[in-house]
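Q: Could you take me through one part of this model up close? I'd like to hear about the salt bridges, and what each pair connects.

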Amino acid sequence: MKRFQLPLICASLLLCSPSSFADWVNDSVNRVEAHTIQLRQYIHQHPELGNMEFQTSKLVQKELKSYGIEVKSGFAKTGVIGILKGAKAGPVMALRADMDALPIEEKTNLTFASKAKAIYQGKEVPVMHGCGHDAHTAMLLGAAKVLAENRDQLAGTVVFIFQPAEEGGADIDNFTQGAEIGSRKMIADGALKNPKPEVIFGMHVMAGMQSNNLFYKEGVMLNSADHLRIQVNGKQVHGSTPWDGRDPIYAASQMIDNLQSLISRRSNLTQGIGVISIGSIQAGTAGNVIPEQVNMVGTIRSNNENIRQNLLKNIPIMLEHNALANDVQAKVEIAAYAPVTSNNPILTQLMQPTLKHVAGKDKLHVLNNNASASEDFSYYGQLMPSLFVFLGATPPSQKMDQAAPNHNPYFIVDDATLKTGVELHVRFIQDYPKVATGVQSQWKQQNENSN
């Protein structure tokens with residue numbers, strides 16, 4: 001595998017741990033640990049769904065203002081931007097956290113477990129921070145407090161991004177209005193224009209990975225994700241006389257089967273992987289009635305943009321021809337959620353000493369493969385060099401392979417891991433200015449080559 005050639009100045013910086021110059025960080029992070037845990041538990045107990053994070057947004061703004069950080073709001077409905085200028089000249093750097101919870105009923109029996117309910121797509125549902133965004137918000141607030149208290153040590157400006165609706169919006173049609181939420185809407189609303197960051201860092205707590213351990217890789221970190229919606233219209237008829245109608249269920253079953261051939265026979269799997277999964281099928285009311293309509297909803301995933309584009313192009317063609325063969329009609333809709341999340345290679349290489357300094361040699365892990373899930377953090381990475389890492393969330397007392405996964409009613413985050421997340425945010429900001437020149441030089445060259 002080809003690695004990028006580091007500029008000489010960057011290579012020399014890589015040999016010495018830039019974090020070694022930041023002795024004040026440990027004491028500061030230790031001082032805010034209890035406050036960070038308190039914030040996380042409060043947010044966990046009071047979760048809010050995507051696009052509806054009104055109280056969480058108010059809490060974030062109140063905290064940032066109390067630290068002496070400039071606050072801007074009104075982005076993506078509930079999004080918040082904090083701006084902290086260091087005492088020394090330097091680059092503009094961004095740190096990002098997401099704030100939204102999921103429509104899940106919590107079953108953890110924690111003392112601060114959620115009992116909240118809210119309206120999701122017009123229906124009342126239980127709400128839980130089942131993905132760890134409560135931890136993300138609390139860790140970034142903890143880092144903001146540390147950085148604000150030590151602004152005399154900072155070179156440059158920090159932009160704190162508190163983003164809503166990473167999991168989708170509770171109050172909109174995520175299929176047709178996906179661009180109106182999350183990171184895309186934050187960007188469209190100008191959240192990153194004044195000041196404009198040149199680099200962005202993010203992290204995600206993960207179940208099944210031991211707390212206080214960090215996991216990363218160069219290049220692709222997470223899959224792309226696109227939504228798929230299919231409506232098949234036939235002719236309703238009695239189940240005993242299918243020849244008098246046009247069976248949309250039979251046609252739909254062929255579509256589900258044939259979609260898989262786009263992966264196995266129409267995608268160059270030497271480039272990466274692709275997944276097409278149908279997760280919802282709605283049709284019919286009785287066993288002896290062939291219905292008029294079938295509705296299916298699915299997801300499309302890949303870790304390679306060429307494979308992704310090939311699937312997006314050919315799925316409608318295949319389904320429409322399948323419908324033609326069965327004398328039914330098919331309406332195919334595809335909506336983008338997120339591109340592939342990729343870590344900038346030079347940035348990843350140059351920040352590796354920072355990761356090692358925070359986690360220690362034994363708790364820093366290079367992933368062999370990217371994760372199969374997706375993240376709208378990827379849209380930030382299209383605008384600037386980005387680095388996204390995983391932070392273990394499962395306590396060492398628990399078997400890793402038995403931990404309830406993210407998006408599960410029993411999912412938990414070990415509060416002991418929050419300190420590692422806070423420290424990593426802080427050291428990203430402390431260390432990046434020392435390698436900024438090399439990162440930006442490579443980024444500029446990459447963009448010139450692509451144009």
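A: Here's a walk through the salt bridges, with a word on confidence to start and a look at one sheet to finish.

Keep in mind that this is a predicted model. The average pLDDT is 94, and 95% of the residues score at least 70. The stretch to be wary of is residues 7–22, where pLDDT is below 50, although this stretch still has 25 contacts in the model beyond near neighbours in sequence. Where pLDDT is low, the predicted coordinates shouldn't be read in detail.

On to the charges. Side chains of opposite charge can pair when their charged atoms come close. The structure has 15 salt bridges, and a few of them deserve a closer look.

Take R96 and E375: their closest N and O atoms are 2.9 Å apart. R96 sits in strand β3 (residues 88–98), while E375 is in the loop between β17 (364–366) and α9 (378–381), so this pair ties together parts 279 residues apart in sequence. Both R96 and E375 are buried. The pair also belongs to a salt-bridge network that links R96, D98, E375 and D376.

Next, K77 and D171 form a salt bridge with an N to O distance of 2.6 Å. K77 comes from the loop between β1 (70–75) and β2 (79–85), and D171 from the loop between β6 (155–163) and α5 (182–188), so the bridge ties together parts that are 94 residues apart in sequence. As for exposure, K77 is partly exposed at a relative accessible area of 42%, and D171 is partly exposed too, at 36%.

Then there's a pair within a helix: K145 and E149 meet at 3.3 Å, N to O. Both lie in helix α4 (residues 133–149), four residues apart, or about one turn of the helix. K145 counts as partly exposed at 22% relative accessibility, and E149 does at 42%.

Finally, the sheet. Four strands make an open sheet, ordered β12-β14-β10-β15, with antiparallel pairing. β12 (274–283) and β15 (329–338) are the edge strands with a single partner each, so one side of each has no neighbour in the sheet. Ignoring direction, neighbouring strands are turned by 20° against each other on average. Inside the sheet, β10 (residues 224–233) and β14 (residues 293–302) pair over ten bridges, and S224 has S302 in β14 as its bridge partner. Helix α6 (residues 248–264) packs on the sheet, touching β10, β12, β14 and β15, and its direction makes about 170° with that of β12. Helix α7 (residues 305–325) lies across β10, β12, β14 and β15, running at about 165° to β15.

Note on methods
Residues numbered from 1 in each chain as written. Predicted model: local features only at pLDDT ≥ 70, side-chain atom pairs only at ≥ 80, totals over all residues. Heavy atoms only, no water. pLDDT = per-residue confidence, 0-100. Contact = heavy atoms within 4.5 Å. Salt bridge = Lys/Arg side-chain N within 4 Å of Asp/Glu carboxyl O. Helix = DSSP H or I, 4+ residues; strand = E, 2+ residues; numbered from the N terminus. Buried < 20%, exposed > 50% of the residue type's maximum accessible area, 1.4 Å probe, protein only. Pairing = 2+ DSSP bridges. Axes fitted to C-alpha atoms, helices over the stretch in contact; angles between N-to-C directions.
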